[in-house]
Amino acid sequence: MPSAFPKISTIQFEGPTSKNPLAFKHYNAGERVEGKTMAEHLRFSVVYWHTMRGAGGDMFGWGTAQRAWELGEGTVAQAQHRARCFFEFVEKLGAPYYAFHDRDVAPHGKTLRESNASLDAVVKVMKQEQKRSGVKLLWGTAQLFVHPRYCHGAATSCDANVFAYAAAQVKKAIEVTHELGGEGYTFWGGREGYSTLWNTDMKRELAHLAKFLHMAVAHKKAIGFKGQFYIEPKPKEPTKHQYDADAAACLNFLREYDLIDHLKLNLETNHATLAGHTMQHEMEVAGAAGALGSIDANTGDLMLGWDTDQFPTDLYLTTQCMLSLLKYGGLKTGGVNFDAKVRRESFEPVDLFHAHIGGMDAFARGLKIAAAIRADGRLADFVKHRYRSWDSGLGKEIELGKVGFKQLEAHALKHGEPKLESGRQEFLENLINDFI
Ligand code: XUL
Ligand code: CO
């Protein structure tokens, strides 16, 4: 097979002084940080959809991307060829994982049977390519938002026949994920939400979504798939309100419908910011609930209010991500998955390399900075010290549930006005800057 990236060889680590744009300056896969290699901490993953299927089109213009492997045929053979090109990219980049939707690797058929057959034919090639390259599947998912049948949603559609079609599609997607040895499976509710409440029975739709997920859990068990299920929060886009709005909404939904033991969260930076949160906030919400599963690493644009899915290069962002990840014990089945796309103006294949190398280096630096902040200890000591009134005496008794309002009233009457201390935000911001 002719090379899709003939001028590019495997990306090497050359260190911080290198001027080579096609080399890592900070991501050194085998380098150890806090007792694990960078590769083990970061578990980088490339997404099939933006990397191979993103043509750079927007609502004002056609695609711009120059992709020699796009022959415009829409056939299974074409999809198989594209899959081989994808693995060449991931292998040359040196990322250990990838993620895909069923319908971005294989064409939509006229019937479900035909779609499944096309998917099987492409999965066969993906399996061969995984074996050849050593690249593994982080998670699979089903695309339940492109086809017109899903215009009212999939699991939350007003039409039970659509629910059934979506269930059949997800059943197959879980099965091929299992076949490819996937370490997880993600549910992102592409159109699980509403455009207007005038036509929507929200209570019923939410109950249907829960039923759908319970069926998925049952099927997972039935076929012996051991991968982790994730739910991916996003507040809006394409619908005006997506039910999986943010980490807190997802956790509440999972608890209400008795799904909390079966799904963790796959958090995405640009989704967090669309919800009015920072990624660090979302990671702390998930981490505190023991539900921090995986991250879709990208970033938005401060000036734009939509999901721009840009590659992450901001060291404050990656440092915050890595501080939260290290705090909650690191990634297990999840990864740092670049759900990100190059700009419409960055239309050459080499831009795909620049983008991923930059994201990987930014996360490697975030990891090193976070580890240095933790080794220094002043930040953690400050926080610990700030809460010291809870470590003994009254605070400890409150935490242990040994006192009630009566005893607390007696305490307040006896001790009078509490003496507070500064929160020292500016001091801490300066402290963090010493490491960046
Ligand atoms: C959409 C998004 C999806 C999911 C997978 O905003 O993030 O690509 O990650 O369906
Ligand atoms: Co995503």
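The legends below describe close-up views of a predicted model.

**View 1. Ligand 1 and the residues around it.** Eleven names make up this view: W49, H101, W139, W188, E232, K234, E268, H271, D296, D307 and D339 surround ligand 1. By class, this shell holds three nonpolar, two polar and six charged residues. Charged residues in the shell include E232, K234 and E268. The tryptophans W49, W139 and W188 count as nonpolar.

**View 2. Polar contacts to oxygen atoms of ligand 1.** Which side chains bring a polar atom to 2.7 Å, 2.9 Å or 3.3 Å from an oxygen atom of ligand 1? H101 has a side-chain N or O atom 2.7 Å from a ligand oxygen. For H271, the distance from a polar side-chain atom to an oxygen atom of ligand 1 is 2.9 Å. For W49, the corresponding distance is 3.3 Å. On its own, ligand 1 has 290 Å² of accessible area, and the protein covers 94% of that.

**View 3. The largest pocket, where ligand 1 sits.** Ligand 1 takes up space in the largest pocket. This pocket holds about 1500 Å³ of space. Its lining counts 46 residues, and H50, G57, D307, D309 and K341 are the closest to its centre. D307 also belongs to the residues around ligand 1. The lining divides into 14 nonpolar, 14 polar and 18 charged residues.

**View 4. Elements that line the largest pocket.** Which elements each supply at least two residues of this lining? They are α2 (48-53), α4 (102-105) and β7 (136-141). The largest share comes from α2, with three residues. W49 and H50 fall within the span of α2, 48-53. W139 falls within the span of β7, 136-141.

**View 5. The second largest pocket.** The volume here is about 740 Å³. Of its 22 lining residues, Q280, L323, L379, V383 and I432 are the closest to the centre. Helices α10 (279-288), α11 (315-327), α12 (349-376), α13 (378-386) and α16 (425-433) each give two or more residues to the lining. Which of them gives the largest share? That is α11, with six residues. By class, the lining has ten nonpolar, seven polar and five charged residues.

**View 6. The largest cavity.** How many cavities of 30 Å³ or more does the model have? The count is three. The largest cavity contains about 160 Å³ of space. Its lining has 19 residues, with L144, F187, W188, G189 and E192 nearest the centre. W188 is also one of the residues around ligand 1. Both β8 (184-187) and α7 (202-223) supply at least two residues of the lining. The classes are twelve nonpolar, four polar and three charged residues.

**View 7. Backbone at E237-P238.** Most residues other than glycine have a negative phi, and most peptide bonds are trans. Is the peptide bond from E237 to P238 cis or trans? The bond is cis, with omega near 10°. P238 sits in the loop that runs between β10 (228-231) and β11 (241-242).

**View 8. Backbone at E34.** E34 is not a glycine, yet its phi is positive, at about 45°. This residue lies in the loop between β3 (32-33) and β4 (36-37).

How values were computed: Residues are numbered from 1 along each chain as its sequence is written. Chains are lettered from A and ligands numbered from 1 in the order in which they are written. This is a predicted model: local features need pLDDT of at least 70, side-chain atom pairs count only at pLDDT 80 or more; totals for chains, interfaces and linings use all residues. Side-chain values use heavy atoms; hydrogens and water are left out. A residue is near a molecule or strand if one of its heavy atoms lies within 4 Å of it. A polar contact is a pair of N or O atoms within 3.5 Å; within protein, one must be able to donate a hydrogen and the other to accept it, and residues adjacent in sequence count only if both atoms are side-chain atoms. Accessible areas come from the Shrake-Rupley method with a 1.4 Å probe; for residues, only the protein chains shown count as cover. On a 1 Å grid over the protein atoms alone, a cavity is a set of points where a 1.4 Å probe fits but cannot get out, and a pocket is an open set with protein on both sides within 12 Å along at least five of seven lines; lining residues have an atom within 4 Å of a point. A molecule sits in a cavity or pocket if more than half of its atoms lie within 2 Å of its grid points. Grid points are joined across faces, edges and corners, and a volume is the space filled by probe spheres set on the points. Helices (H or I, at least four residues) and strands (E, at least two) are DSSP runs, numbered from the N terminus.
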